[in-house]
Amino acid sequence: MNQEIQQKDQIIVQIHQPKNHPWTEIQMAHEPTTHQKNKEFKEKYLSSCFDETYNLSDQEIKEWWNLRVELYSLYSHEDENCVKRIKGLWYLLTETELQEIRNQKWTEFGFQQADPTTDFRGGGVQSLDDITNFVSEYKDTLVKEMCKPQNDFYFAASSINVTFFIKRYFHLQEQLDKRDIKEIADRVALKNFCRFLVKEENFWKKLHQLILTDLFNEWVALKKRRPETTIMDYGPVLERIKHKTKRTFSSRLFGNVKQLIEFYQSQ
């Protein structure tokens with residue numbers, strides 16, 4: 001997921017340098033345990049009667065674990081790469097140099113506080129990269145609309161919410177257990193996700209952009225239908241988008257990402 005983003009005379013380099021992670025090579029050679037435990041009765045005991053199971057291939061396992069290791073990195077002011085990332089995002093948004101990380105203007109772009117890094121606790125460094133990727137592609141179109149005060153849409157916070165949802169739903173959050181079973185992807189959904197990690201370049205980025213854009217469109221549509229809409233209505237809209245994503249990935253195995261997106265948009 002390393003990449004370069006060209007912005008005028010600057011190049012923002014996103015280099016994932018995960019810290020030492022807690023997983024052994026033996027663990028990383030197998031499916032995530034949460035996926036193994038998600039088997040339903042018919043797949044567990046009647047798999048010989050069907051042509052297809054939802055076991056992950058070796059390549060899918062490898063791609064999932066590669067992503068899991070990348071997502072292990074947390075934001076830190078002491079990490080030079082993290083500081084470069086936040087300064088790069090500021091430059092993309094304002095075309096000026098960031099002198100101090102703490103700046104009240106961050107809130108104009110949908111961060112909750114003048115110090116934007118406090119928002120990255122749930123999504124880690126990936127949540128910062130996702131915002132940067134989105135701004136680099138949609139700065140003069142969607143981002144401008146999302147940041148208009150009259151839309152009451154917290155762009156950065158919404159992007160981070162989407163990142164955290166993708167991370168948790170596809171079993172990538174730290175310390176998942178039985179209590180999370182209803183919130184994480186079933187066997188079909190995780191199989192779909194891992195297949196596209198293998199087949200589709202930058203699939204995480206495309207999925208994040210799809211969900212965030214849909215979240216904004218749903219929010220704007222609600223405000224048009226109900227002018228009295230307030231930020232208190234944001235939670236239910238976000239939940240509807242999450243359920244829409246879950247229904248899509250759980251419906252069936254898709255042959256290509258175009259089919260998946262078409263199904264998603266048809267709901």
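Phenylalanine 170 is buried, with a relative accessible area of 0%. This residue offers a convenient entry into the structure, which is a predicted model. Its ring forms an aromatic pair with phenylalanine 249. The geometry of that pair is edge-to-face, with 5.1 Å from centre to centre and 70° between the planes. Phenylalanine 170 belongs to the loop between α7 and α8 (187–199), whereas phenylalanine 249 belongs to helix α10 (residues 234–251). The two residues are 79 residues apart, and their pair links distant parts of the chain. Phenylalanine 249 is likewise buried, at a relative accessible area of 1%.

The wider architecture gives these elements their place. The protein comprises eleven helices and two strands, and the order from the N terminus on is β-β-α-α-α-α-α-α-α-α-α-α-α. Of its 267 residues, 50% count as buried. Among contacts with a separation of 6 or more, 66% are accounted for by residues 24 or more positions apart. The protein exposes about 14400 Å², and carbon and sulfur atoms supply 48% of that area.

The aromatic residues can now be followed further. A pair of aromatic rings is described by the distance of the centres and the angle of the planes. The count of aromatic pairs comes to 20. One of them joins phenylalanine 165 and tyrosine 169, whose ring centres are 5.5 Å apart and whose planes meet at 15°, so the pair is stacked; the angle qualifies because stacked planes are under 30 degrees apart. Both residues lie in helix α7 (residues 155–169), where a spacing of four residues corresponds to about one turn of the helix. Phenylalanine 165 counts as buried at 8% relative accessibility, and tyrosine 169 counts as buried at 3%. Ring pairs extend this arrangement into a cluster that links Phe165, Tyr169, Phe170, Phe193, Phe196, Phe203 and Phe249.

Backbone geometry adds a further detail in the loop between α7 and α8, where histidine 171 lies. Most residues other than glycine have a negative phi, and most peptide bonds are trans. Histidine 171 nevertheless has a positive phi of about 70°, although it is not a glycine. At 3% relative accessibility, histidine 171 counts as buried. Asparagine 202, in the loop between α8 and α9, also has a positive phi, of about 60°, and is not a glycine. Asparagine 202 is partly exposed, with a relative accessible area of 37%.

Charged side chains form another set of links. Side chains of opposite charge can pair when their charged atoms come close. The structure holds 15 salt bridges. In one of them, glutamate 60 meets lysine 191, with the closest N and O atoms 2.8 Å apart. Glutamate 60 lies in helix α3 (residues 58–70) and lysine 191 in helix α8, so this pair ties together parts that are 131 residues apart in sequence. Glutamate 60 is buried at a relative accessible area of 8%, and lysine 191 counts as buried at 10%.

A salt bridge also joins the side chains of lysine 205 and glutamate 137, at 2.6 Å from N to O. Lysine 205 is in helix α9 and glutamate 137 in helix α5 (residues 124–138), so the pair connects parts 68 residues apart in sequence. Lysine 205 is buried, with a relative accessible area of 16%, while glutamate 137 counts as partly exposed at 41%.

Helix α10 returns to view through lysine 244. This residue forms a salt bridge with aspartate 214, the closest N and O atoms being 3.0 Å apart. Aspartate 214 lies in helix α9 and lysine 244 in helix α10, so the bridge ties together parts that are 30 residues apart in sequence. Both aspartate 214 and lysine 244 are buried. The charged end of lysine 244 also sits over the ring of tyrosine 264, 4.5 Å from the centre of that ring.

The final stop concerns the surface and the loop between α9 (203–225) and α10, in which methionine 232 is found. Methionine 232 counts as exposed, at 69% relative accessibility. Together with Tyr154 and Ile231, Met232 forms a nonpolar patch on the surface, with about 350 Å² of accessible area in total. A network of salt bridges links Arg226, Glu228 and Asp233.

Note on methods: Residues are numbered from 1 along each chain as its sequence is written. This is a predicted model: local features need pLDDT of at least 70, side-chain atom pairs count only at pLDDT 80 or more; totals for chains, interfaces and linings use all residues. Side-chain values use heavy atoms; hydrogens and water are left out. Rings of Phe, Tyr and Trp (its six-membered ring) pair if their centres lie within 6.5 Å; planes under 30 degrees apart count as stacked, over 60 as edge-to-face and the rest as tilted. Buried means under 20% relative accessible area, exposed over 50%, partly exposed in between (1.4 Å probe, protein chains only). A charge sits over a ring if NZ of Lys or CZ of Arg is within 6 Å of the ring centre and within 35 degrees of the ring normal. Patches are made of residues with over 30% relative accessible area and no salt bridge: like charges are joined within 9 Å, nonpolar side chains (Val, Leu, Ile, Met, Phe, Trp, Tyr) within 5 Å. Accessible areas come from the Shrake-Rupley method with a 1.4 Å probe; for residues, only the protein chains shown count as cover. A salt bridge is a side-chain nitrogen of Lys or Arg within 4 Å of a carboxyl oxygen of Asp or Glu. Contact means heavy atoms within 4.5 Å.
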